[in-house]
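User: Hey, can you walk me through this one? I'm new to reading structures, so plain words please.

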Amino acid sequence: MIADLTPAALPAAIWGNKAARLSEVSSLGYAVPAGLCVTYATAQQAPNSIAEALATWLGLYQPDLVAIRMSSIHEDQLAASHAGQTTSVLGCRPDVATLMTVLEDQILPYAAPWASRTGGLSFIFQCQIAAQLGGVAFLTDGRLTAEAKLASTDGITAGQAPDVTLDLSGTSLTATGAVSAVPVATLAQTLKIACGGLRRHFKFDIDLEWAWRQGVLYTLQARPVTTSL
Amino acid sequence: MGNISKLAAIGLFQEYGLEGLPARVYPASSRPGLTELTRDFPGTPLFMLRTGSDVEERNLPRKAGVALADVPAWAAELPPRLHLVVQPYASVTYSVELAFWPNGYMAELVPGIWELSTDLQPAVVTMWQNALSLSATLAPQPAVFYLPDTGYTAMAALVADWQVVAVVNWVRHHYDRLVRLHDGLGGGGIGLKLHDAVGYGLSPQNIRANLPPFTPESIVSAPSGLAMVSSVSDSLPHADAILLDVSVAREDHAELAALIARLHQAGIGTVYLKSGLLSHLAIALREAGFTVRRYA
């Protein structure tokens, strides 16, 4: 199966939790980079169909770069996130041959352990945002904690030291780091509004991976906070 | 702390190149007429008029938004002992109290005219050991502005991000001049009251000298002597806490699982990370039961 990521309602049982949540987040009106999802079975059995769909998708969205991300039913669960354990490849050139090669060489070899007979495993070809800032935010018990890296979407998740940290409790903000290079108050409020809305919808504390560009917050992943800070 | 008179402050700002909104001082012997005002402030339609004294006095006369034609008459009514201080009138968007030392500074910002809304909770910018921090309320507060059409007007307002950045940039741009002023006033901290005047930018208005030494909140540091583990294959010490400085790629999660198992076997309870507390590594360590702290 092949489907658009946004705006859709992709069932997790087929597409995995990452894709399902992102499609749901998009349907709520939050900005999510466009993506094309393909199931594990399709990737194994019908690569030509994927290549054909990709050619059309690239023409429609014209991304500067593409990220390919794995989405599994076994990640992003309430009790265990398995954060960072599924495979993603960022910065792929937006042409069909490159993307198919990356899928076959760098994604599929790591996918088998996540597969199950019931499905719930897919791959997302997603427009990669040229972010001014990217990071992770936790909203727990009404308190927002965020860490951000300049000019990066995955620096924080990969373990690089943050350029900016935010702590917003009630209306009291504390920001440290590059506060003269980042609109920290606007960013903190935007993150809290987004995480608060997603918390009310999903009914769990939110762990949000995000990117920020020209005042627009993009959701890259939304999952439950599994452990308190 | 030493108070410096308004008149002396104007002279210092001009001497040290810190003046923003221009100011001219006219003693009783040379009150300005329209000719002098037009010469000194070409094209200026409205003025801010203050007064200064050679001795300590409070609640001196002042008036905002005075038309050019009305300045001479207002000045003529002043007692001879007072000097007239004339500035172009410019709306104040936000006000700043800056406490500066060569090794750091603290700036408090409020929206609008601080003197007219003294109960506002300021945003506080601190620079210490080349590290910036900001503490602020994101709740709008009832600030007071002067608008030409309505006069003094209260409205809910926030300190904006660009205002914080403007203050940081102003201090950075004027750092050498501020250090010279600091040294010229005896070497203690200096306190400047500034406001952002539309058309002129941040403009110092008053100055205090000899502030006590800068004592920012203590920086929380990791315990000294932490054993550092810089590779997933390093041998682990038997310790309560370690500093873990490794990067684990997504496809290497098997190595991460093995490292977590070894950390448990070594009896380690707390892991300090140089990376953020929201990294995948940090999340995995917490899910495995470790206390995770930021190494600072």
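User: Let's begin with chain A. How many helices and strands does chain A have?
Analyst: Chain A has six helices and 11 strands. Helices here are DSSP runs of H or I with at least four residues, strands are runs of E with at least two, and both are numbered from the N terminus.

User: Before we go on, where does the model come from, and how is stuff numbered?
Analyst: This is a predicted model, where local features need pLDDT of at least 70, side-chain atom pairs count only at pLDDT 80 or more, and totals for chains, interfaces and linings use all residues. Residues are numbered from 1 along each chain as its sequence is written, while chains are lettered from A and ligands numbered from 1 in the order in which they are written.

User: OK. What does the radius of gyration say about chain A?
Analyst: Chain A has 17 Å, and a compact globule of 229 residues would come out near 17 Å, so the two agree. That radius is taken over C-alpha atoms, and the globule rule is 2.2 Å times the number of residues to the power 0.38. The C-alpha atoms fill a box of roughly 55 × 35 × 30 Å along the principal axes.

User: And how much of chain A is buried?
Analyst: Buried residues are 52% of the 229 in chain A. Buried means that 20 or more other C-beta atoms lie within 10 Å of the residue's own, exposed means 12 or fewer, and partly exposed is in between, with C-beta atoms placed from the backbone.

User: Now chain B. Why is chain B called more spread out than a compact globule?
Analyst: Chain B has seven helices and 17 strands. Its radius of gyration is 27 Å, well over the 19 Å that the globule rule gives for 296 residues, so chain B is more spread out than a compact globule. The C-alpha trace of chain B spans about 85 × 40 × 30 Å along its principal axes, and 32% of its 296 residues count as buried.

User: What's the pLDDT like in chain B?
Analyst: The average for chain B is 87, and 94% of the residues score at least 70. pLDDT is the predictor's confidence in each residue, from 0 to 100. Among the elements of chain B, strand 1 (residues 2-3) has the lowest mean, 67, and helix 4 (residues 161-173) has the highest, 97. Where pLDDT is low, the predicted coordinates should not be read in detail.

User: Got it. How many residues does each chain put into the contact?
Analyst: Chain A puts in 37 residues and chain B 30. Two residues are in contact if their C-beta atoms, placed from the backbone, lie within 7 Å. On the side of chain A that touches chain B, strand 9 of chain A gives the most, with six residues.

User: What does strand 9 of chain A pair with?
Analyst: Strand 9 of chain A is joined by five bridges to strand 9 (residues 131-137) of chain B, and they run antiparallel. Strands count as paired if DSSP finds at least two bridges between them. One spot to look at is A:Ala175, whose bridge partner is B:Leu134.

User: Any hairpin in chain B?
Analyst: Strand 12 and strand 13 of chain B form one, with three residues between them. B:Gly199 in the turn has a positive phi of about 95 degrees. Eight bridges join strand 12 (residues 189-197) to strand 13 (residues 201-211), running antiparallel, and B:His195 stands opposite B:Ser203.

User: Switching to helix 1 of chain B, which residues are buried?
Analyst: In helix 1 (residues 6-15) of chain B, they are B:Lys6, B:Ala9, B:Ile10 and B:Phe13. Down the helix axis they fall within an arc of 100 degrees, so they line one face of the helix. That arc uses the directions from the helix axis to the C-beta atoms.

User: And what do they pack against?
Analyst: The buried residues of helix 1 pack against strand 2 (24-26), strand 3 (46-52), strand 5 (83-88) and strand 13 of chain B.

User: Last thing: anything odd in the backbone of chain A?
Analyst: Most residues other than glycine have a negative phi, and most peptide bonds are trans. The peptide bond from A:Thr6 to A:Pro7 is cis, with omega near -25 degrees. A:Gln62, which isn't a glycine, has a positive phi near 45 degrees. A:Gln62 is exposed, with 9 other C-beta atoms within 10 Å.
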